[in-house]
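Visitor: Hi! I'd like to get to know this protein a bit before lunch. Could you walk me through it?

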Amino acid sequence: MKMKKNFILYLAAGLGLAACSPKGQTIEVSNTLNVERNAELVAVQIDTNRPHILRDAQGKEVAYQVKDNGIIFLANVPANGTAAYTWTEGTPAEVKPLTSAFFLGNRRKDDFCWENDKAAYRMYGPALLKENPSSGVDLWLKHSSDLTADAMYTQEEKEGKPYHIDYGLGIDSYKVGHAAGCGGLAIVSNGEIWPGGPFARYEILQEGPLQCIFKLSYDSVQIGDKKLTEEITITVNAGANMNKAEVVLNGDAIDDLRLGGAVFLHDSVQHLEVNAHNAFFTYCESANSDKGIYNVHQQKGIDATQLDFGRNYCAVYVPGVDEFAKYGDTEAATRPYKVGETLTYYFGGAWSKRDYATDEDWHRAIGQDVFCIESPLTVVVK
C-alpha cells in the first residue's frame, strides 16, 4: 500500500548533537509500518553552524529548514525500511516555500491566514467583531502546491477579482457560519456547544518554508455563565493534510467541560463518516456551501449555476476522544477537559480537484495519516 504525502510528523527526541567530520554524516530515517511514508517531515539535531547540503541515497539534494539546533526536512521512507541521507558541508540551493502564515490587518479586517502546499485557511480577528464572526476555521481551495493565499487577496485588492471566484489560483467557497467551520475548536458544556468569537491577538512563533507555527489569543470565551481565556497554537507543515492545534483554556473550573475539534455541517450534498475506533471523522460536500458566491459571480457576469465546484473535504482527529456527537448543525469529536490543561487535536481540508478525487479517497488518506501520527518515524545520526 502506497501513501501519498501523509500528515507530516517530526521527531527529535533522543538524538545528540554530533560534530561534523570532513566526510559528513549519515542520517537514517526508519519506518516500522507496512506502508511507504512519503513526504513526511522529520527533525534532526545536527550541527548547523556552517552551511551544509542534504542529499538522499540517489545523490539528489533535499530541501531543509534550520530549526531548534538542527534541521527539518521531508523524508521518503519505504515500508518496514530505512532511508539514508547525507549531510555534508556546502552551499544549499534555495528552498521553495511550501508554508506561510500572515496577518492581514487593514488589508482584510484582521484576517489571519495560513497555508501549505495542500490548502489554505484563515481565522477572524478583532476588526470583524461587529459582524459577529466565530472562532471557526475557513477553508480555501487551491489548484496547485504553490503558495497562493496572499496572491488571492492581492487579486481582489488590485484587480477587483474576488477570491470567491476561481481565476485559476483557487477559491473561497466555504461557509464558516457562527460555528466551527472546518476543524475549529469544539467547546461543550451542559450539553451545549459554545462557539467563540474573533481572536484578540496573534503571535507568529516560527516562519519557514517547510513549517510555520503561530498562536492566537482569545480574551473572553463564554461558556455557560463563565468567561475564560483561550490560547490556540497551530502548526502547519509542508505536505500535511492536517494542522496540529494545541489549546489551553484558563479561568474558573467547569466540571462537565469537554474540548475537541468540530466541523460545520452545511445543507449541500454531504457525506459524514465517523471512525470512532481511530478517533477521527471526515466530512465531504459539494464545494459551494457559501451561497454568497453565486451573487459574487453574478456581479461579474458569470453564471455560477453552470460551474462545477467539485467537492471540498474536512477532517478532525482528536487523540483520546470518547464522544462523537452532533450539536445542531455541528459535528464534534470531544474528550473531557480540565481548565489549564493542553488539548492537542488535528484538523484540515482538501479539494477533489487536487489530490483526492472521491470522498472515499479522502477518508482513506486521513485514516493513513492518523496511523502515521500514532507511529512516528525514528531518526538516527551516524
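Guide: Happy to; we can go through a few spots one by one, keeping in mind that this is a predicted model.

Visitor: Great. Where does F264 lie?

Guide: F264 lies in strand β18, which covers residues 258-264.

Visitor: And is F264 buried or exposed?

Guide: F264 counts as buried, because its relative accessible area is 8% and the cut-off for buried is under 20%.

Visitor: Which residues does F264 touch?

Guide: Leaving aside residues up to four places away in sequence, F264 touches Y174, K175, V176, G177, A179, G181, Y283, D329 and T330. As for C314, which is 50 residues from F264 along the chain, the two C-alpha atoms are separated by 9.6 Å.

Visitor: Let's switch to β8. Which strands does it pair with?

Guide: Strand β8 (residues 112-115) pairs with β7 (residues 100-103) in the antiparallel sense, over four bridges. Four bridges also join β8 to β9 (residues 120-123), again antiparallel.

Visitor: Which residues are bridge partners there?

Guide: On the β7 side, S100 has E115 of β8 as its bridge partner. On the β9 side, C113 is matched with R122.

Visitor: What joins β8 to β9?

Guide: A hairpin, through four residues.

Visitor: Are the faces of β8 covered or open?

Guide: Both faces are covered: F112 and W114 are buried on one side, and C113 and E115 are buried on the other.

Visitor: You mentioned a cysteine. How many disulfides are there?

Guide: The count comes to zero, taking sulfur atoms within 2.5 Å as the rule. C212, for instance, is in no disulfide, and the nearest cysteine sulfur, that of C113, is 11 Å away. C372 is in no disulfide either; its nearest cysteine sulfur belongs to C284, 19 Å away.

Visitor: Are C212 and C372 buried or exposed?

Guide: C212 is buried, at 2% relative accessibility, and C372 is buried too, at 0%.

Visitor: Last topic: pockets. What lines the largest one?

Guide: The largest pocket has a volume of about 390 Å³. It is lined by 17 residues, with Y124, L128, E131, P133 and V176 nearest its centre. By class, that lining has five nonpolar, five polar and seven charged residues. V176 also came up earlier, among the residues that F264 touches.

Visitor: And the second largest pocket, what is its volume?

Guide: About 290 Å³. Of its 14 lining residues, E61, V62, A63, L74 and N76 are the closest to the centre. Strands β2 (37-45) and β5 (70-77) are the elements that each give two or more residues to this lining, which divides into eight nonpolar, two polar and four charged residues.

Methods. Residues are numbered from 1 along each chain as its sequence is written. This is a predicted model: local features need pLDDT of at least 70, side-chain atom pairs count only at pLDDT 80 or more; totals for chains, interfaces and linings use all residues. Side-chain values use heavy atoms; hydrogens and water are left out. Buried means under 20% relative accessible area, exposed over 50%, partly exposed in between (1.4 Å probe, protein chains only). Contact means heavy atoms within 4.5 Å. Two strands pair if DSSP finds at least two bridges between them. On a 1 Å grid over the protein atoms alone, a cavity is a set of points where a 1.4 Å probe fits but cannot get out, and a pocket is an open set with protein on both sides within 12 Å along at least five of seven lines; lining residues have an atom within 4 Å of a point. Grid points are joined across faces, edges and corners, and a volume is the space filled by probe spheres set on the points. Ala, Val, Leu, Ile, Met, Phe, Trp, Tyr, Cys and Pro count as nonpolar, Asp, Glu, Lys and Arg as charged, and the others, Gly among them, as polar.
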